[in-house]
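User: I would like a close look at one short helix in this chain. Please show me the structure and then walk me through that part.

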Amino acid sequence: MKIAIFGLGYVGSTAAGCIASQGHTVVGIDVSEAKVEALNSGRAPVYEPGLDDMIAEAREAGRISAVAELTDELDDCDLAIVCVGTPSGVDGAHDMRFIVQVTKNIAAALKPGRAKPLTLAYRSTMRPGTCENIIWPIIEDALGDTASDLVELVYNPEFLREASAIADYFAPPKIVIGTLGGKSSPNMHALHEGIEAPVFEVGLREAEITKFVDNSWHAVKVAFANEIGRVCQNLDISARDVHAIFKSDTKLNLSAYYTRPGGAFGGSCLPKDVRALQYIAADTGSATHLVDSLIRSNEAHKHHQFLKATAGLPRGAKVLLVGLAFKMETDDMRESPAVDMARKLLEGGFQLDVYDPQIDPENLVGQNLGYATAWLPRIDDLLVTKETAESGDYALVIATNRLIDTLSLDGANVVDVSAIP
């Protein structure tokens, strides 16, 4: 198949590389000239382990390309996948500007006389009802009575974790395909051919709410574990022993994932989707007191870890923070708890160095760049090399992930935030 992918961020770039590796022809569309240039040069627009090699191989084989402006790319496309951002708005709801604009662009580019409809699949996280109440009306306004003949509308959520996105693409926990009336989509089945996972063919709204349910549940588990961890620490109880007991019960307590007391939740998905679910709950008159408390509990845990990590450290002390991205093996800093730790250290008057080899300010783009500069405008001055990190005379080294294991820090005073319940 020929497949167009709109949005070359973490989700879109990974999808482009993985789909091209399966033998399909892929064209990426993104307003960022930097991302387009990177992909056309055989490089991944974002950092994800293994993605550079995958895209380089597909580019050399002529199966992948990118453009910054849509022209006739959809004329012979079988499938278009929309992966543009839906960031949090000021009220917590998703900002739908990019979805609306890309939908208008797609509708305007579709020409009458197609032999078969374009399968138009959205992967961006959106409020249930968006496909029917926002996207389809835009398509109908542009195409009129021919809309159903030209477009098959699909919602197909992704379940990719940064730093393991390629493995997750080929081995997802489930495949959810939402269509009008839950009808089967041949192109979506062809896209997922060879991928073993439970397949759910449902209505559009059932598919749209899937990510909200999943990510809010993950956030619940993290916040719950950290609240229990704080109680245990204040009562001189071993949170690790309590967690070992808790996670052993896979029959009733589900699993060990996200339930270990330690790091706060962050990244581009969990906080955003929790806020959006809060907005939806308030808008529909639903009472979701636990969900409403998740962000506050998470912020409390960030401050708790800062206080515990720096207890007894004099103002002006030199501190090394190891790991700034929200997860090891990524350069994504959006809502990273480590960014909050860095900000608190600076505001506390400490001399701060940061070591994270995947982060290069010159390579930051889009929302990632905006978040980094908004919260850490001095990021260029804070980042140090591995040699500096290992040779620096630091009163305290704060580790936010296992990146600390790659450094030789003999005799250093190291605090692992994941060990602070």
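Analyst: Here is a look at helix α2, with the whole chain as background.

Keep in mind that this is a predicted model. The chain has 17 helices and 12 strands. Its radius of gyration is 23 Å, close to the 22 Å that the globule rule gives for 421 residues, so the chain is as compact as a globular protein of that length. Buried residues make up 52% of the 421 residues. Of the contacts with a separation of 6 or more, 75% join residues 24 or more positions apart.

Now go to α2, which covers residues 33-40. Which of its residues are buried? They are Lys35, Val36, Ala38 and Leu39. Buried here means under 20% relative accessible area. These four residues cover an arc of only 160 degrees around the axis, which puts them on the same side of α2. A general rule helps here. An α-helix has 3.6 residues a turn, so residues three or four places apart point the same way.

Next, turn to the other side of α2. Glu33 and Glu37 are exposed there. Exposed means over 50% relative accessible area.

What do the buried residues of α2 pack against? One partner is helix α3, residues 51-60. Strand β3, residues 64-67, is another.

Finally, see what comes after the helix. Gly42 follows α2. The phi of Gly42 is positive, near 85 degrees.

To sum up, α2 has Lys35, Val36, Ala38 and Leu39 buried, while Glu33 and Glu37 are exposed on the other side.

Key:
Residues are numbered from 1 along each chain as its sequence is written. This is a predicted model: local features need pLDDT of at least 70, side-chain atom pairs count only at pLDDT 80 or more; totals for chains, interfaces and linings use all residues. Side-chain values use heavy atoms; hydrogens and water are left out. Helices (H or I, at least four residues) and strands (E, at least two) are DSSP runs, numbered from the N terminus. The radius of gyration is taken over C-alpha atoms; the globule rule is 2.2 Å times the number of residues to the power 0.38. Buried means under 20% relative accessible area, exposed over 50%, partly exposed in between (1.4 Å probe, protein chains only). Contact means heavy atoms within 4.5 Å. The arc is that of the directions from the helix axis to the C-beta atoms.
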